[in-house]
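Here is a short briefing on a ligand and the pocket around it. Look first at the sequence and the structure.

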Amino acid sequence: MIQVGFIGAGKMAEAMMAGFIKERVVAPVEILAGDVSAERLAEVSRKHGVRITLDNAEVVRETSVCVLAVKPQQLNEILRNLAPHFTSDHLIISIAAGKTTGYLESLLPNGRLVRVMPNIACLVGEGMNVYARGARATAADSEQVARLLGCCGKATELPETLFDAVTALSGSGPAFFAYLLDRLVDGAVQEGMPRGQALMLASQTMLGTARLLMEKGMEPAGLAEAVTSAKGTTAAGRAVLETPELAELLSRTIAAAARRSRELAGA
Ligand SMILES: NC(=O)c1ccc[n+]([C@@H]2O[C@H](COP(=O)([O-])OP(=O)(O)OC[C@H]3O[C@@H](n4cnc5c(N)ncnc54)[C@H](OP(=O)(O)O)[C@@H]3O)[C@@H](O)[C@H]2O)c1
């Protein structure tokens, strides 16, 4: 069993540790979570049986794989204090949005770094996790990261140059899909459907659509065509939905999120 530490025990850290434990890749006693909030630590300890500490340096000293899971804005100061505690034996996994491997390696002279962009669906084992290796990380480190992330959903390695787009699409994406779903639900409510039932129908429809695209290898446009008959209900809806304005809005949504990811790199 490997020993995994978390610097920051927030939402993403909890989602990841829950996946590691559920898939039996890491035992609860092999996980050490560090945070500034004793209350939060008590909560993750109670829910997952992991070890806890208020001392980030203890996390680094006691674990060989260390996940940096604090907000990007908090990372700078934390790493300045922790840098002397890392050794070349450490595999450091950063999930902080926007922070590049080059930037993190300049703060951390020791340790092999892998940058990961997870998403919140790790909470249900359906995360989309993208990773990129830093200059000192090895192929074996990639394999270890892939094995860990595989506990929380899908994992794929991509060039770091794509990470702002990755952050926008799969990192922030759950919020965008949830918003769109919510507006479709509003429409069903207007048609008289109770909100709870509309949410269930819309969510299952989103899930089914995603599985069709992935498991049958269908293209989105092909799937839409398969549901559309001439002068039918889907055609009537698509005539309203598929406007250049909406296409541009969605494209600008991704652009804004990617721009913010670039800004965070320098924050
Ligand atoms: N949430 C997402 O969907 C998502 C998706 C992709 C990537 N990420 C990345 O994941 C990282 C964590 O995000 P999150 O949503 O899990 O944030 P979060 O829930 O706010 O978790 C961060 C935790 O770190 C704690 N913390 C603050 N200062 C600390 C310190 N000095 N030492 C130790 N712990 C400290 C925070 O405590 P306080 O709350 O008391 O400050 C909080 O419990 C971020 O870098 C984010 O970019 C998040």
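The points below cover the ligand, its shell and the pocket.

This is a predicted model. The ligand takes up the space of the second largest pocket. Around the ligand stand 19 residues. The protein buries 77% of the 900 Å² that the ligand exposes when taken alone.

**Polar contacts of the ligand**
- Asp35 offers a side-chain N or O atom 2.8 Å from an oxygen atom of the ligand.
- Asn56 also works through its side chain: an N or O atom there is 2.9 Å from a nitrogen atom of the ligand.
- Val70 uses its backbone, with an N or O atom 2.6 Å from a ligand oxygen atom.

**Shell around the ligand**
- Met12, Asp35, Asn56, Val70 and Ala97 are the closest residues to the ligand.
- Two elements give two or more residues to the shell: α1 (11–22) and α4 (72–82).
- The largest share comes from α4, with three residues.
- By class, the shell has 12 nonpolar residues, four polar ones and three charged ones.

**The pocket itself**
- The second largest pocket holds about 900 Å³ of space.
- Its lining counts 34 residues, and the closest to the pocket centre are Met12, Ala69, Val70, Lys71 and Pro72.
- Met12 and Val70 are among the closest residues to the pocket centre and also among the closest to the ligand.
- Helices α1, α4, α7 (163–171), α8 (173–190) and α12 (244–266) each supply at least two lining residues.
- Of these, α1 and α4 also give two or more residues to the ligand shell.
- The lining of the second largest pocket has 19 nonpolar, 11 polar and four charged residues.

Methods
Residues are numbered from 1 along each chain as its sequence is written. This is a predicted model: local features need pLDDT of at least 70, side-chain atom pairs count only at pLDDT 80 or more; totals for chains, interfaces and linings use all residues. Side-chain values use heavy atoms; hydrogens and water are left out. A residue is near a molecule or strand if one of its heavy atoms lies within 4 Å of it. A polar contact is a pair of N or O atoms within 3.5 Å; within protein, one must be able to donate a hydrogen and the other to accept it, and residues adjacent in sequence count only if both atoms are side-chain atoms. Accessible areas come from the Shrake-Rupley method with a 1.4 Å probe; for residues, only the protein chains shown count as cover. On a 1 Å grid over the protein atoms alone, a cavity is a set of points where a 1.4 Å probe fits but cannot get out, and a pocket is an open set with protein on both sides within 12 Å along at least five of seven lines; lining residues have an atom within 4 Å of a point. A molecule sits in a cavity or pocket if more than half of its atoms lie within 2 Å of its grid points. Helices (H or I, at least four residues) and strands (E, at least two) are DSSP runs, numbered from the N terminus. Ala, Val, Leu, Ile, Met, Phe, Trp, Tyr, Cys and Pro count as nonpolar, Asp, Glu, Lys and Arg as charged, and the others, Gly among them, as polar. Grid points are joined across faces, edges and corners, and a volume is the space filled by probe spheres set on the points.
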